Amino acid sequence: MTNQPTRNRYCLAALFLITTSFVIIISCHTPTPEEKGKVLAGKYCSGCHLPVSPALLDKETWLKHVLPAMAPKLGIKVWGEHSYYPPMPGEKPGLISIQDWELLVAYYEHTAPDKLPAEKVPQPLQRDWSFFTLKHPVLKDTVPVATTMVAFNPDNGHLMTSDGLTNTLTQWDENLQVVNIRSLPSPAVDILFVKDTAAQQQAILTEIGNMRALDAPAGIITSISPNDAQSRQHDLMAFLKRPVQTLQADFDKDGLPDLLVCAFGHNQGGLYWLKQLPDHSYKQFPIWEVPGAVHAETGDFNHDGYTDFMVLFAAGDEGIWLFENDRKGGFVSTSLLRFPPINGSTSFQLADFNGDGKQDILYTCGDNADFSMVLKPYHGIFVYLNDGNNKYTEAWHYPVNGCTKAVVADFNGDGKLDIASIAFFADFKHRPEEKFIFFEGGNKPLTFIPHSPPLEKEGRWICMDVKDYDHDGDQDIVLGNYAQGFIILDDYKPDWKEYQPFIVLQNNAAH
């Protein structure tokens, strides 16, 4: 027993020597160029967004598109397709040396796959109409269309659409015949039906300015009388950079409803509070001036009696942020979810998927009109369950190439949540049926039966609205057809109707 402490000391000494030798061996290791490139990628590619693994894009896309687009942001000049050089003498130095940049490029070149794997679909699509019936608009001519907005009017069952080729706003009656058409300065991409002080219906239009990715301040938020095509527009705020959504709420509780605007922009953009003044004009306050604000949802998320909002940002640092009202004319932001910059985030919605009384997040990603225009197996629909305390955990995913939007609702009235989704950048060659999918809720939470009605030849869907337009007790769907342009697949020609602005999927579940 008396020798035990001595023996322990010898063992500890031996262990110390072995461990020390191991550390010395490790510390003497000279990093390979690939290891250096990985460290540099983690350092320089995560300053503005989540780091991106080389495995998420194919080698050609990295070398010919993404890295050449990233280089100027770090002060590296690009010549041709794949040649880089540092700033000239007297110019502002770059954030990275040319030697380190070449190591970073080599890392992606040596580790990225030659081709991305195909998406793994967990359930085959049921090729049926479920409980929907197809309805077409009544058309007088067959001219190309680029529908940028579809919306059911909750007051009269009419339908509002906008077109990006003609810059028009069209109203359709319940029989899907044209009621009136008015000209717009630019396409409308969002409409908010509200009541004025006389309880008359007004519509707040978000006019994007440019469908293309530009920073020109040509966007307008305007108010119209939707049922009077001769009434003049009343601009509420102009000179915004590609605004895409407008919401209404009284953020400062002064009795005057304010507006929240998501301005996607391109390299510039922002999230803006338009405070309504006593003379009913609006004053603009920037909340967060970064590009990519694409969708927002309002609510009193911290239960203090003031309106907060969640916002999805879809450019650069992609993710969903909560903005809590500080009750002093400002907002405090909290990051809820972050996504890689190549996700191409497109939409989100709040709903309680597991019946625990907390609002979960339905999220989609699939925007593919950027530097990495390839089909991505990680695009699709996700559900993140609310764990409380602003923590969310991924609980369900269904891969959909180029997914653009998903809407959750109880479409058949059975008490279970269903999902309708559209994909503007679908795999038209191999899976055109994924352009529209209806996920019928199963017997257990987060189980679905995916249906895909035969709509492939009817159009290419960029926008969707869900409401009970025929007032029969169930939710109907309208899909907007942006028929031309933004094709990312080589040697592919559209095989859908290029003249049909929209279709309606009439819900028959209540019959």
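Here is a short briefing on how the two domains of this chain meet, and on how far the model can be trusted. The model is predicted, with a mean pLDDT of 90 for the chain. Its domain assignment gives domain 1 at residues 33-111 and domain 2 at residues 132-507. The buried area between these domains comes mostly from carbon and sulfur atoms, at 76%.

**Confidence**

- Residues that reach a pLDDT of 70 or more make up 94% of the chain.
- Residues 1-27 are a stretch to treat with care, as pLDDT stays under 50 there.
- For that same stretch, 1-27, the model has 0 contacts beyond four places in sequence.
- Where pLDDT is low, please do not read the predicted coordinates in detail.

**How the domains meet**

- Taken over C-alpha atoms, the centres of domain 1 and domain 2 lie 34 Å apart.
- Domain 1 brings 12 residues to the contact, and domain 2 brings 13.
- About 990 Å² is buried between domain 1 and domain 2.
- On the side of domain 1, the residues that lose the most area to domain 2 are His49, Leu50 and Leu56, which together account for 44% of what that side buries.

**Chemistry of the contact**

- Between domain 1 and domain 2 there are 0 salt bridges.
- Polar contact between the two domains comes to 1 residue pair, with both residues at pLDDT 80 or more.
- The side of domain 1 that touches domain 2 is made up of 7 nonpolar, 3 polar and 2 charged residues.

**Salt bridges in the model**

- The count of salt bridges comes to 14.
- One of them joins the side chains of Glu456 and Arg127, with 2.4 Å from N to O.
- Glu456 sits in the loop between β27 (448-451) and β28 (461-467), while Arg127 sits in the loop between α4 (98-111) and β3 (132-135).
- This pair links distant parts of the chain, 329 residues apart.

Definitions and conventions. Residues are numbered from 1 along each chain as its sequence is written. Side-chain values use heavy atoms; hydrogens and water are left out. Domain bounds come from an automatic or database domain assignment. Contact means heavy atoms within 4.5 Å. Buried area is the accessible area (1.4 Å probe) that two parts lose on being put together, summed over both. A salt bridge is a side-chain nitrogen of Lys or Arg within 4 Å of a carboxyl oxygen of Asp or Glu. A polar contact is a pair of N or O atoms within 3.5 Å; within protein, one must be able to donate a hydrogen and the other to accept it, and residues adjacent in sequence count only if both atoms are side-chain atoms. Ala, Val, Leu, Ile, Met, Phe, Trp, Tyr, Cys and Pro count as nonpolar, Asp, Glu, Lys and Arg as charged, and the others, Gly among them, as polar. pLDDT is the predictor's confidence in each residue, from 0 to 100. Helices (H or I, at least four residues) and strands (E, at least two) are DSSP runs, numbered from the N terminus.
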